Amino acid sequence: MVQQVAVGPGPKKIYVQAGSFTLFDNANKLRARLAGIGPSFLAPTMVNGTQFFRVRVGPLDTPEQADKVLDQVVAAGNNGARVIVE
């Protein structure tokens, strides 16, 4: 069962996050593999002093489109993928 979370007012962007890596090369390889699904990119972030590279597809226009892309990303072998709204 998928948990739905209400999104507050204001402009939001929807992404599918396929994975998060500490090694740039690993993240970039996944980004390249997902490029056929949609626009993919790396979103660098720091977590507790450690650099991570989040692999994301998007931004996507609708929750329905995000669900479709999520299904494609999971089918490509990324079982931990999830929808992100920022």
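Two strands count as paired if DSSP finds at least two bridges between them. Keep that in your pocket for the exercises below, and remember that you're looking at a predicted model.

**Exercise 1. Work out how E2 and E3 are arranged, and what sits between them.**

Step 1: Place the strands. E2 covers residues 40–47, and E3 covers residues 50–60.

Step 2: Check the pairing. E2 and E3 share 8 bridges, and they run in the antiparallel sense. The cut-off is at least two bridges, so they count as a pair.

Step 3: Find a bridge at the turn end. Val 47 has Thr 50 in E3 as its bridge partner.

Step 4: Put it together. The two strands make a hairpin, with 2 residues between them.

**Exercise 2. Find what is unusual about the backbone at Asn 48 and at the bond between Gly 58 and Pro 59.**

Step 1: Start with the general rule. Most residues other than glycine have a negative phi, and most peptide bonds are trans.

Step 2: Look at the turn. Asn 48, in the loop between E2 and E3, has a positive phi, near 50°.

Step 3: Ask how open that spot is. Asn 48 has 80% relative accessibility, so it counts as exposed, the cut-off being over 50%.

Step 4: Move along to Pro 59, which belongs to strand E3. The peptide bond joining Gly 58 to Pro 59 is cis, with omega at about 5°.

**Exercise 3. Track down the aromatic pairs and say which parts of the chain they link.**

Step 1: Count them. There are 2 aromatic pairs in the structure.

Step 2: Take Tyr 15 and Phe 41. Their ring centres are 5.6 Å apart and their planes meet at 70°, which makes the pair edge-to-face.

Step 3: Place those two rings. Tyr 15 sits in strand E1 and Phe 41 in strand E2, so the pair ties together parts 26 residues apart in sequence. Tyr 15 is buried, with a relative accessible area of 10%, while Phe 41 is partly exposed at 27%.

Step 4: Now the other pair, Phe 24 and Phe 53. It is edge-to-face too, at 5.5 Å centre to centre and 80° between the planes. Here a helix joins in: Phe 24 is in H1 (residues 24–34) and Phe 53 is in strand E3, 29 residues apart.

Step 5: Compare with the solvent side. Phe 24 is partly exposed at 40%, and Phe 53 is buried at 15%.

**Exercise 4. Describe the surroundings of Gln 17 and the two roles of Arg 56.**

Step 1: Locate Gln 17. You'll find it in strand E1, residues 14–21.

Step 2: Decide whether it is buried or exposed. Its relative accessibility is 6%, so Gln 17 is buried, the cut-off being under 20%.

Step 3: List some neighbours. Leaving aside residues within four places in sequence, Gln 17 touches several others, among them Val 55, Arg 56, Gly 80 and Ile 84.

Step 4: Zoom in on Arg 56. Its side chain makes a polar contact of 2.9 Å with the side chain of Gln 17. Arg 56 also lies over the face of Tyr 15, at 5.6 Å from the ring centre.

**Exercise 5. Find how far Val 85 is from Val 16 in space and along the chain.**

Step 1: Val 85 lies in strand E4, residues 82–85, and is partly exposed at 39% relative accessibility.

Step 2: Val 85 and Val 16 are 69 residues apart along the chain, yet 8.7 Å separates their C-alpha atoms.

Methods: Residues are numbered from 1 along each chain as its sequence is written. Side-chain values use heavy atoms; hydrogens and water are left out. Helices (H or I, at least four residues) and strands (E, at least two) are DSSP runs, numbered from the N terminus. Buried means under 20% relative accessible area, exposed over 50%, partly exposed in between (1.4 Å probe, protein chains only). A polar contact is a pair of N or O atoms within 3.5 Å; within protein, one must be able to donate a hydrogen and the other to accept it, and residues adjacent in sequence count only if both atoms are side-chain atoms. Contact means heavy atoms within 4.5 Å. Rings of Phe, Tyr and Trp (its six-membered ring) pair if their centres lie within 6.5 Å; planes under 30 degrees apart count as stacked, over 60 as edge-to-face and the rest as tilted. A charge sits over a ring if NZ of Lys or CZ of Arg is within 6 Å of the ring centre and within 35 degrees of the ring normal.
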